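Please examine the structure below together with its sequence. A short series of questions and reasoned answers accompanies it.

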Amino acid sequence: MMKNQEKFDVAVIGGGPAGMMAAGRAAELGARVVLLEKNESLGKKLLITGKGRCNLTQAEFDLKKMVGQFGKNGKFLFSSLAAFGPEEVIKFFEDRKLPTKTERGGRVFPVSNKSHDALRVMEKYLGEKKVKILFGSEIVGFESGGKKIKSVKLKHEKGKPGKKVVTADKFILCTGGRSYPTTGSTGDGYQWAKDLGHTIIKTAPALVPIKTKETWVKEMQGLSLKNVEISLIQDGKKKNSRFGEMLFTHFGLSGPIVLDISKKAGELAEKGEVAVSIDLKPALSAEQLDARLQRDFGSNAKKDFVNYLPELLPQKMIATTIGLSGIDPRKKINTVTGAERKKLALLLKDLRLTFDGTAGYAQAVVTSGGVSLKEVNSKTMQSRLISNLFFAGEILDVDGPTGGYNLQICWSTGYAAGTYAASI
Ligand SMILES: Cc1cc2nc3c(=O)[nH]c(=O)nc-3n(C[C@H](O)[C@H](O)[C@H](O)COP(=O)(O)OP(=O)(O)OC[C@H]3O[C@@H](n4cnc5c(N)ncnc54)[C@H](O)[C@@H]3O)c2cc1C
């Protein structure tokens, strides 16, 4: 052993929500824990969650339903959610004097609406449990022998003070994904896991705004639409759809339902062209909409087409809709032809755009893909390949929709990894 080298029971790499929970939990069970974070502070990404309000978890207390929200890999979370699910997360924060509230769609936030307050709870937890935190500690790799890790190597400038390696009995890898790399999540852990023999399922930006080929979206930039349906169309078939709120941006689309469908859009795009269809009037069938337009046209017969449209559409959509319909805006409603009316109805039910990729990791809320779940014990988060390695958080190949699900993954898997790293 090197001179002056302190040996820890557990070394946690990455001070995001998963790493903080894992470190605190392991220390709570009596382990001597070191938390290694390359930034000069913890939870940089946690601070920007929920637009700075931190959607801590999702108020879904039915385990089966909760698991179902994570798609095909959700079953991996059964055990960890059963042990430390949304109910326990809410209790964890409330017991530490952070009252929570549940908003529309089951989204749980601190009553204060401040992610800083959630981070403070985690920092206090780590302090009370005497976790040693080494900031500015960028890990560059592992030293391993056989099926065990001996130590982690730190980036170290020659002649400067500081540790070169950290030695521990167990290691918990919580370096997150690749999204929002400015927060420190640069995907470093994937390569180390790969070097240690783990399979990395191809990563991709998920919960991410999408770009469209059509540039007219720019005209509606900033417009948010509620109660609309978006669908992905490939080879003339509807492949997926979501109902709710969306937003136009200068390069395409964003907002909750767009983020939620973005992963599927990216997957489909690998096979061929994908169209995005927006149904602005999902409560009406095509026939019902046409009947409504006919009625409206009857009662607005003398109006100019452009002056009727505010009854149908938000102001910001009018110029674009006129352009796309090809209908003369100054035309009187009673001179709009049947074919023109049908064109208008089609724009309202099936406003078509062409998917042109996602906005990438820089704007993705999470990264899909990651460490293959087949090689990780779902109860303990222990690697099946390296006996003293554990994983937690976004680095794992499981992700959820918006609404607090992704932080819940971090709390549950962090808690499991901390528990078992301290006791196995
Ligand atoms: C804008 C935005 C809003 C979001 N809002 C929500 C929300 O409201 N609710 C929700 O459930 N989810 C939300 N998420 C997702 C959620 O933030 C992530 O799923 C979560 O932060 C992942 O936690 P993690 O601990 O696995 O990794 P991270 O939070 O990414 O933390 C990883 C840590 O590891 C450190 N690290 C990386 N490499 C090294 C290295 N080489 N050496 C040392 N340290 C290293 C990083 O600096 C970082 O601190 C949001 C994400 C974004 C980007």
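The exchange below concerns a predicted model and takes up the ligand, one helix and several salt bridges.

Me: How much of the ligand does the protein bury?
Reply: The ligand has polar contacts with the backbone: one of its nitrogen atoms is 3.2 Å from a polar backbone atom of Lys-38, and a nitrogen atom is 3.0 Å from a polar backbone atom of Ile-139. An oxygen atom of the ligand is 3.4 Å from a polar backbone atom of Asn-406. Taken alone, the ligand exposes 1,000 Å², and the share of this that the protein buries is 95%.

Me: Which element gives the largest share of the shell around the ligand?
Reply: The elements that contribute two or more residues to this shell are helices H1 (17-28), H2 (44-48), H7 (188-195) and H13. The largest share is 4 residues, and the element that supplies it is H13.

Me: How many residues of the shell around the ligand are charged?
Reply: There are 36 residues around the ligand, and those that come nearest are Glu-37, Ser-185, Asp-188, Glu-394 and Leu-407. By class, the shell holds 14 nonpolar and 16 polar residues, and the number of charged ones is 6.

Me: What distance separates the end C-alpha atoms of helix H13?
Reply: Helix H13 covers residues 405-423, which is 19 residues. At 1.5 Å a residue the helix should span 27 Å, and this agrees with the distance between its end C-alpha atoms, 27 Å.

Me: How many residues of H13 are buried?
Reply: A residue counts as buried under 20% relative accessible area. H13 is largely enclosed by the rest of the structure, because among its 19 residues the number buried is 16.

Me: Is Arg-25, the partner of Glu-28 in a salt bridge, buried or exposed?
Reply: The side chains of Glu-28 and Arg-25 meet at 3.6 Å, N to O. The two residues are 3 apart in helix H1, and therefore about one helical turn separates them. Glu-28 is partly exposed, with a relative accessible area of 35%. The value for Arg-25 is 13%, so Arg-25 is buried.

Me: Which residue forms a salt bridge with Arg-120?
Reply: Arg-120 is partly exposed at 49% relative accessible area, whereas its partner counts as buried at 16%. Both lie in helix H6 (residues 115-128), 3 residues apart, about one turn of the helix. The closest N and O atoms are 2.9 Å apart, and the partner is Asp-117.

Me: How many salt bridges does the structure hold?
Reply: One of them joins Glu-311 and Lys-303 at 3.1 Å, N to O. Arg-53, Lys-101 and Glu-103 are linked in a network of salt bridges. For the structure, the number of salt bridges is 24.

Definitions and conventions: Residues are numbered from 1 along each chain as its sequence is written. This is a predicted model: local features need pLDDT of at least 70, side-chain atom pairs count only at pLDDT 80 or more; totals for chains, interfaces and linings use all residues. Side-chain values use heavy atoms; hydrogens and water are left out. The expected span of a helix is 1.5 Å times one less than its number of residues. Buried means under 20% relative accessible area, exposed over 50%, partly exposed in between (1.4 Å probe, protein chains only). A residue is near a molecule or strand if one of its heavy atoms lies within 4 Å of it. A polar contact is a pair of N or O atoms within 3.5 Å; within protein, one must be able to donate a hydrogen and the other to accept it, and residues adjacent in sequence count only if both atoms are side-chain atoms. Accessible areas come from the Shrake-Rupley method with a 1.4 Å probe; for residues, only the protein chains shown count as cover. Ala, Val, Leu, Ile, Met, Phe, Trp, Tyr, Cys and Pro count as nonpolar, Asp, Glu, Lys and Arg as charged, and the others, Gly among them, as polar. A salt bridge is a side-chain nitrogen of Lys or Arg within 4 Å of a carboxyl oxygen of Asp or Glu.
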